[in-house]
Amino acid sequence: MSTHPFTSRAAWAVKRAFIKLRWPGLAGLGLVLFTAGFTALGIQSAQQRLQALNDEVAKLSARLGQRGAGSVSASGRSQLSNFYAFFPLTVNVPELLGRVHRAAMQNQLLLKKGEYKLSRETEFRLARYEVTLPVTGDYVRVRGFVNDVLQAVPSAALDELTLKRESVDQPELEARVRFSLFLGEE
């Protein structure tokens, strides 16, 4: 079996280059080859993951397009109508006030009295129910009460929070909290 003179010369040149590199050079060459292979595998797996995510986005977009087109044509409601449908009706005021009072009890605050005022504007389709509550307690409990009300009643907005303390060394403070509960039409 005869070998071509070029291949034997190339094999001899490669052997000679490996001998000249010694072990540090061979280790470096091995690391370069390992890094190149590892990078190629990483890129390939990232491309596969990207393709899977793109397929998932396409499926979800198609499903959303079907659902969105069906619900708009079936119900005939506009985005503005959907916005107004979010707000509770005025008949739900007792339940909403119950949530406010439960938030006060959870934060160990006593609501002795309050001011309640319902107002409607002709150009605005929402009614505004203002609830003003004087409370007494430490700052952490008052803050917890406000946070709990805003969590329990999504249509509520904090209009005013006034804090007053008689002296610096007293932990108790007097607070005046005013919420606006926005209500939809019946």
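This report describes the sheet, the salt bridges and a surface patch of a predicted model.

## The four-stranded sheet

The strands of this predicted model include four that form an open sheet, arranged in the order 1-2-4-3 and paired in the antiparallel sense. The edges of the sheet are taken by strand 1 (115-120) and strand 3 (156-164), each of which has a single partner strand, so one side of each is left without a neighbour in the sheet. On average, and with direction ignored, neighbouring strands of this sheet are turned by 15° against each other.

Helix 4 (residues 139-152) packs on the sheet, where it touches strand 2, strand 3 and strand 4 (173-183). The direction of helix 4 makes an angle of about 5° with that of strand 4.

## Strands 1 and 2

Strand 1 is joined to strand 2 by a hairpin that runs through six residues, and the two strands, the second of which spans residues 127-137, pair in the antiparallel sense over six bridges. Two of the residue pairings can be named here: Leu-118 has Tyr-129 in strand 2 as its bridge partner, while Lys-117 has Glu-130, also in strand 2, as its bridge partner.

Strand 2 also contains Thr-132, whose relative accessible area is 6%; because buried residues are those under 20%, Thr-132 falls in the buried class. When residues up to four places away in sequence are not counted, Thr-132 touches Gly-114 and Glu-115, and also Arg-176, Val-177 and Arg-178. Of these contacts, Glu-115 belongs to the range of strand 1 (115-120), whereas Arg-176 lies in strand 4, as does Arg-178.

## Salt bridges between strands 3 and 4

A search of the whole structure finds five salt bridges, and those described in this section involve residues of strands 3 and 4. Asp-159 forms a salt bridge with Arg-178, with the closest N and O atoms 4.0 Å apart. This pair links distant parts of the chain, since Asp-159 is in strand 3 and Arg-178 is in strand 4, 19 residues apart. Both side chains belong to residues that count as partly exposed, Asp-159 at 31% relative accessibility and Arg-178 at 24%.

Arg-176 forms a salt bridge with Glu-160, and here the closest N and O atoms are 3.2 Å apart. Arg-176 lies in strand 4 and Glu-160 in strand 3, so this pair ties together parts of the chain that are 16 residues apart in sequence. Arg-176 counts as partly exposed, at 33% relative accessibility. Through salt bridges that share partners, Asp-159, Glu-160, Arg-176 and Arg-178 are joined into one network. Two members of this network, Arg-176 and Arg-178, are also among the residues touched by the buried Thr-132.

## A salt bridge within helix 3

In helix 3 (residues 93-106), Glu-95 and Arg-99 are four residues apart, which means that they are separated by about one helical turn. The side chains of Glu-95 and Arg-99 meet in a salt bridge, with an N to O distance of 2.6 Å. Glu-95 is partly exposed at 42% relative accessibility, and Arg-99 is likewise partly exposed, with a relative accessible area of 26%.

## A nonpolar surface patch around Phe-18

A nonpolar patch on the surface is formed by Val-14, Phe-18, Leu-21, Leu-26, Leu-29 and Leu-33, which together have about 510 Å² of accessible area. Phe-18 has its place in helix 1 (residues 5-75), and the residue counts as partly exposed, with a relative accessible area of 39%. This value is compatible with membership of the patch, because patches are made of residues with over 30% relative accessible area and no salt bridge.

Phe-18 is in contact with Leu-26 and Leu-29 once its neighbours within four places in sequence are left aside, and both of these leucines are also listed in the patch. Phe-18 and Leu-29 are eleven residues apart along the chain, and their C-alpha atoms are separated by 9.9 Å.

Methods. Residues numbered from 1 in each chain as written. Predicted model: local features only at pLDDT ≥ 70, side-chain atom pairs only at ≥ 80, totals over all residues. Heavy atoms only, no water. Patch = residues over 30% accessible without salt bridge, like charges linked within 9 Å, V, L, I, M, F, W, Y side chains within 5 Å. Areas by Shrake-Rupley, 256 points an atom, 1.4 Å probe, with all protein chains shown as cover. Buried < 20%, exposed > 50% of the residue type's maximum accessible area, 1.4 Å probe, protein only. Pairing = 2+ DSSP bridges. Axes fitted to C-alpha atoms, helices over the stretch in contact; angles between N-to-C directions. Contact = heavy atoms within 4.5 Å.
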